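Here is a short report on a structure model. Please read it alongside the sequence and the coordinates.

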2 protein chains.
Amino acid sequence: MAIGRPTQSSSQTPDAGAARRPSRARGIPEATVARLPLYLRALTALSERSVPTVSSEELATAAGVNSAKLRKDFSYLGSYGTRGVGYDVEYLVYQISRELGLTQDWPVVIVGIGNLGHALANYGGFASRGFRVAALLDADPAVVGSSAAGLPVRHMDELEAIVAAQQVSIGVITTPPGAAQQVCDRLVEAGVTSILNFAPTVLTVPDGVDVRKVDLSIELQILAFHEQRKAGEEPTQDGGMLDRAPGPVRAAAAKLRRAAGGTAKAEPAKGKPGKGTEGERSAVMPA
Amino acid sequence: MAIGRPTQSSSQTPDAGAARRPSRARGIPEATVARLPLYLRALTALSERSVPTVSSEELATAAGVNSAKLRKDFSYLGSYGTRGVGYDVEYLVYQISRELGLTQDWPVVIVGIGNLGHALANYGGFASRGFRVAALLDADPAVVGSSAAGLPVRHMDELEAIVAAQQVSIGVITTPPGAAQQVCDRLVEAGVTSILNFAPTVLTVPDGVDVRKVDLSIELQILAFHEQRKAGEEPTQDGGMLDRAPGPVRAAAAKLRRAAGGTAKAEPAKGKPGKGTEGERSAVMPA
DNA sequence: CCATCTTTGTGCACACGTTCACAAACGCAT
DNA sequence: ATGCGTTTGTGAACGTGTGCACAAAGATGG
């Protein structure tokens, strides 16, 4: 396994343990960085309504956080804001934009123009705030001719040339999971140093390359977990007979399981075969 | 603002401060829950290759985490795993599935069948693992007749009936931001208690309702931040003359800004007008 | 049955993130 | 100028998450 150095930088959002590349080089905690876009959005809305200033309290509710957190977040950026008054909206919009690097142009390539790729290409929030779709790429000849969001879909072979010519440093992967690592490698090789991955795959990248993952199915599963909690523990969902069992029981069960042989779905250890057991179509993906 | 009780439960992934609804009612930290789907995916892959057991080390690399974390995560579920050997793949798949509530059927409605809605409807990882698309809904009469992923797109008016009839408890919002809160309210009113929101809006929901947000543009902005960091501080991106300034300087600048009047984009306080300043098309969205 | 080797499960220390609560700073009216 | 009300900025306490390192537990071979 693994190519170069198998470092998975900041893989996902909940990965608070972004020990690698702390970004705290000279400030701003990761958690704060993740909220800056939220503030920026709320501020932009205020700006459009020509609101000159906001208090931390107002802005906090608009952004969906509490005011103490917001103030601390802003304190990392410096002391913008006037006591007794609040924050100057325009000024703050500019400061946050600058801190996030949105005052400059970020050409982006999207690889894998399926359903999701299409959606992203058309995404408005994409084009605004400094992001510019430099190219849409796909490996499928059937797709290559077409166009999405006014842009032509070009062939993967052009990747290197495009990245070099337009100085693309951010790549978006919306391919099927099987192709993701391969595409990732090519992007990195071509010079891309930040990747937004929508494929349900763990990407391996060399040091210095950032990967963020967006996984639709994971979010749903987390919701399901909480939903189940809400439904209460009483139904116990049965089958829980040997869960958290003393030990000997578990060991015995383990033996049984092993004895049952391990070819493919060997039935879920005991009762509750649940729904259809599904063929586990893990390898699909919108793209 | 706000309807019922303005509680924003667990808004987003980086929101480690899910103080509300700790889920820790009797165990399992939020961070662990967020990783379980990762483990499950890795395990499923192993299962398909008929691998009988894995060590924490192997599974950890496959899932992109470190082994200590993985072991601790599993320890919250109970003591599955055999010292000197590792974990029984099938058994673990079942246990995690059960813990996440994936052994039961989760009907889901998707509201807003634009590009993204389409992508989600076709998403394979959706249908697997217990999630079933109960209905696709849209308010636009032009879309209502059509079909996506083999399912007919039905009108919003049928929402309540569908949710009630199929006992839907999870809703996915892929509408334009303007409609999101309204749709959310209807979903909640109809009985949905978990919402996955793709619209760039802060949703307000009553207590007991979970909201998770997936925001494409935020992820990109975070990448841009890190990318800017990598590019080095030397270029200073100019305009930073009065950033982190002593104080008096700032105050003076604030006065100036305020004096300049606040009608719409009042120019970014000083130099670096940057790219086109964009009309800030914040209100678009794939859907 | 014992020795050895592997791998889990976890106590502990540390880092990060959140929240409280309050003093300092500012605007404004008098 | 002075005082009052408001709101920021932040020190400190707390909670959560991470990673190390090791003892205990089981497997395996003699």
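In which strand is V211(A) found? V211(A) belongs to strand β9 of chain A. Helices (H or I, at least four residues) and strands (E, at least two) are DSSP runs, numbered from the N terminus.

This is a predicted model: local features need pLDDT of at least 70, side-chain atom pairs count only at pLDDT 80 or more, and totals for chains, interfaces and linings use all residues. Residues are numbered from 1 along each chain as its sequence is written, while chains are lettered from A and ligands numbered from 1 in the order in which they are written.

**Chain A overall**

Chain A has 11 helices and 9 strands. Buried residues make up 49% of its 287 residues. A residue is buried if 20 or more other C-beta atoms lie within 10 Å of its own, exposed if 12 or fewer, and partly exposed in between; C-beta atoms are placed from the backbone. Two residues are in contact if those C-beta atoms lie within 7 Å. Of the contacts in chain A with a separation of 6 or more, 59% join residues 24 or more positions apart.

**The sheet in chain A**

Chain A holds an open sheet of 7 strands with mixed pairing, in the order β5-β6-β4-β3-β7-β8-β9. Its edge strands are β5 (147-148) and β9 (210-213), each pairing on one side only. Two strands pair if DSSP finds at least two bridges between them. Strands β7 (170-173) and β8 (194-197) of chain A pair in the parallel sense over 4 bridges. In β8(A), L196(A) is the bridge partner of V172(A).

Two helices pack on this sheet. Helix α9 (residues 177-190) of chain A touches β3 (106-111), β7 and β8 of chain A, and its direction makes about 170° with that of β7(A). Helix α10 (residues 216-230) comes from chain B and touches β3, β4, β7, β8 and β9 of chain A, at about 165° to β8(A). Axes are lines fitted to C-alpha atoms, for helices over the stretch in contact; angles run from 0 to 180 degrees between N-to-C directions.

**The counterpart in chain B**

The open sheet of chain B also has 7 strands, ordered β5-β6-β4-β3-β7-β8-β9 with mixed pairing. Helix α10 (residues 216-230) of chain A lies across β3, β4 (131-138), β7, β8 and β9 of chain B, running at about 165° to β8(B).

Helix α9 (residues 177-190) of chain B has 14 residues, so at 1.5 Å a residue it should span 20 Å; its end C-alpha atoms are 20 Å apart, which agrees. The expected span is 1.5 Å times one less than the number of residues. Among the buried residues of α9(B) are A180(B), C184(B) and L187(B). The buried residues pack against β3 (106-111), β7 (170-173) and β8 (194-197) of chain B. G191(B) follows α9(B), with a positive phi near 120°.

**Buried positions**

A135(A) lies in strand β4 (residues 131-138) of chain A. It touches V109(A), R154(A) and I162(A), leaving aside residues up to four places away in sequence.

| Residue | C-beta neighbours within 10 Å |
|---|---|
| A135(A) | 21 C-beta atoms |
| V211(A) | 24 C-beta atoms |

A nonpolar core is a set of buried Ala, Val, Leu, Ile, Met, Phe, Trp, Tyr and Cys residues joined through C-beta atoms within 7 Å. In the largest one, of 152 residues, I110(A) and I110(B) touch the most other members. Beyond four places in sequence, the contacts of I110(A) include L120(A), V133(A) and V172(A).
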